Amino acid sequence: MDNSYDAIMARKNEIIKNAVGMDFEKFEKPGIGFDYEAMMEATGYTIDEIRRVQSLFSIGNTPLIELKNLTALARKCAPEGKGARIFIKDEASNPSGSFKARRACTSVYQAKKLGYKGVVTATSGNYGAAVACCAAMAGLKCIVVQECYDSHGVGQPEIIEKARKCEALGAEVVQLTVGPELFSTVLQLLEETGYFNASLYTPFGIAGVETLGYEIAEQFRQKIGKDPDVVVCTNAGGGNLTGTARGLRKAGCNAKVIAASVNLSGLHMASDNQFNKKSFTTGHTGFGVPYSVNPDHSDVPRSAARPLRYMDRYVTVTQGSVFYITECLASLEGLEKGPAGNTSLAGAFCLAQDMDQDQCIVVQETEYTGAGKHLNPQLSFARQNGIDIHFGDPKDEIPGKNIILPAHPSLIRVTDLDLDHMRKSRIKRAVGSHKDELTDEDIKFLIEETNTDEKFVRDAVASL
Amino acid sequence: MAKKGDWVQIHNIVLPPEERSSALPEDTKVNPLEMWVKGYLTEDAEIGEVAEVITRTGRHTKGTVVKVNPYFEHNFGFFVPEVLEIGDQVRKITFGGED
């Protein structure tokens, strides 16, 4: 069989179809759109069934913790009378150490049900550990493919730790140097092994995250007696936000959903030289922005992670601010967690200061921490790579050049991304060369894709 | 010399520079796409020799042996004084009476 890059990519659709057990073609509509809800329903699981499956894996029902000291600190930085109560969903207490266990569980369960002998996943993040963890419980084999090293063989400590964890849970870890061709390696492995593609972006994965949003609404009603006002989600590939928002909606909760990413603007995600100049390997704008405006460039034909459908606002925070808030969480709340998952916490700390004191803001995840995946080794690694680390105003941070730790917590600020601009980019991407052939059905699809209205979509199309 | 049955790490060039995706930045495109995998050697081999391994999922795959008994060396990094300073600062502001 021809295993050159082009030959493998040419077999992509057939390989994916065999490896997900789902024919994505049947959701396609005549024009530019597809039936997203039909694709989500095709998992065949209701949210109650997913909760039952997750409970079989001891996943979910994680604690909702009120961060009283961090709230007190935010109020010291806020205008008089401002400073919402900050809560965090301690997703690190899932078996694999992050919310990704929810996402992996449904895929692994489905793979087992359909008779696959193993699962393959492409991820440098917590998802690999989550798939390995669930595969271990289900008695399936597991291969995790990581982008891990630069061309000098220097690995990101955060990713190496995840390799260790995957191996500890029985997985085979395939490590690659920088580059998007990781995808062709995954396809080749799927073909070679006949395993299930436990992609981050299938409906199974995203449906698994819905329970997180659902639980937040339930726990708030039980503990606080009302719904939260704002839920902040760290945003990279978009599945975290999509699943959480869908779960909140299924629970009838109308909390605003705000995306937060670490600002890595100026760094190219496929650059060998810049690979180890960044201190975050996920939760950053390098994934968050492109996956929002073009969700379908993942490893499935149609991604179930479509964050623009659900986000009310999209903010960025700096690397230095996230490291700072990670230390605050340890020093003020006694919770030592991994930095990447605290991206939304840095955002929430600032956003809370614009809200009234009787309002509630929820950070919907934490992640496990360990060697390599902790603010100390990540800052130490940055310093070794020539990144200038100092106290100052985070607004002066330049990704790849410096990390500016806020000189005072009041300097932790969010920067809004232009959501309408991103929506227009999404429309441009989706329309492609079909501008003059759009049907009413296509317009309806674009309204849903961008969470806007007919006027917005028609104006955006007209300006193309 | 590594013995049959030893746990080793092997290395492969997946794509030489000229066969890589065209959509890469220049600094990446000049390098090959490399791969590392671990497994049990099926025959004795020297470091630097191409050999076959059986991975933890039972796959048979070949590559250049680069390490015998590979282990993880990542740690908590060197001392970063700023971390202590942050902790002291926020404790003081929160509990120590600074306005």
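**Exercise 1.** What span should the 12 residues of helix 8 of chain A have at 1.5 Å a residue, and how far apart are its end C-alpha atoms?

*Solution.* Keep in mind that we're working with a predicted model. Start with the helix: helix 8 of chain A runs over residues 157-168. The expected span is 1.5 Å times one less than the number of residues. For these 12 residues that should come to 16 Å, and the end C-alpha atoms are 16 Å apart, which agrees. Now step just past the helix: there A:Gly170 takes a positive phi of about 95°.

**Exercise 2.** Work out whether helix 8 of chain A is largely enclosed or not, and what covers its buried residues.

*Solution.* First, the cut-off: a residue is buried if 20 or more other C-beta atoms lie within 10 Å of its own. Next, apply it: nine of the 12 residues of helix 8 of chain A are buried, so the helix is largely enclosed by the rest of the structure. Among the buried ones are A:Ile159, A:Ile160, A:Ala163 and A:Cys166, and also A:Glu158 and A:Lys162. Finally, look for the cover: it includes helix 7 (126-138), strand 4 (141-149), strand 5 and helix 15 (375-384) of chain A.

**Exercise 3.** Describe how chain B meets chain A.

*Solution.* Count first: 34 residues of chain B are in contact with 50 residues of chain A. On the chain B side, helix 2 of chain B gives the largest share, eight residues. Sorted by type, that side has 16 nonpolar, 10 polar and eight charged residues. Last, check the strands: strand 5 (residues 172-177) of chain A pairs with strand 2 of chain B in the antiparallel sense, over two bridges. There, A:Gln175 stands opposite B:Trp36.

Technical notes:
Residues numbered from 1 in each chain as written. Chains lettered and ligands numbered in written order. Predicted model: local features only at pLDDT ≥ 70, side-chain atom pairs only at ≥ 80, totals over all residues. Contact = placed C-beta atoms within 7 Å. Helix = DSSP H or I, 4+ residues; strand = E, 2+ residues; numbered from the N terminus. Nonpolar A, V, L, I, M, F, W, Y, C, P; charged D, E, K, R; others polar. Pairing = 2+ DSSP bridges.
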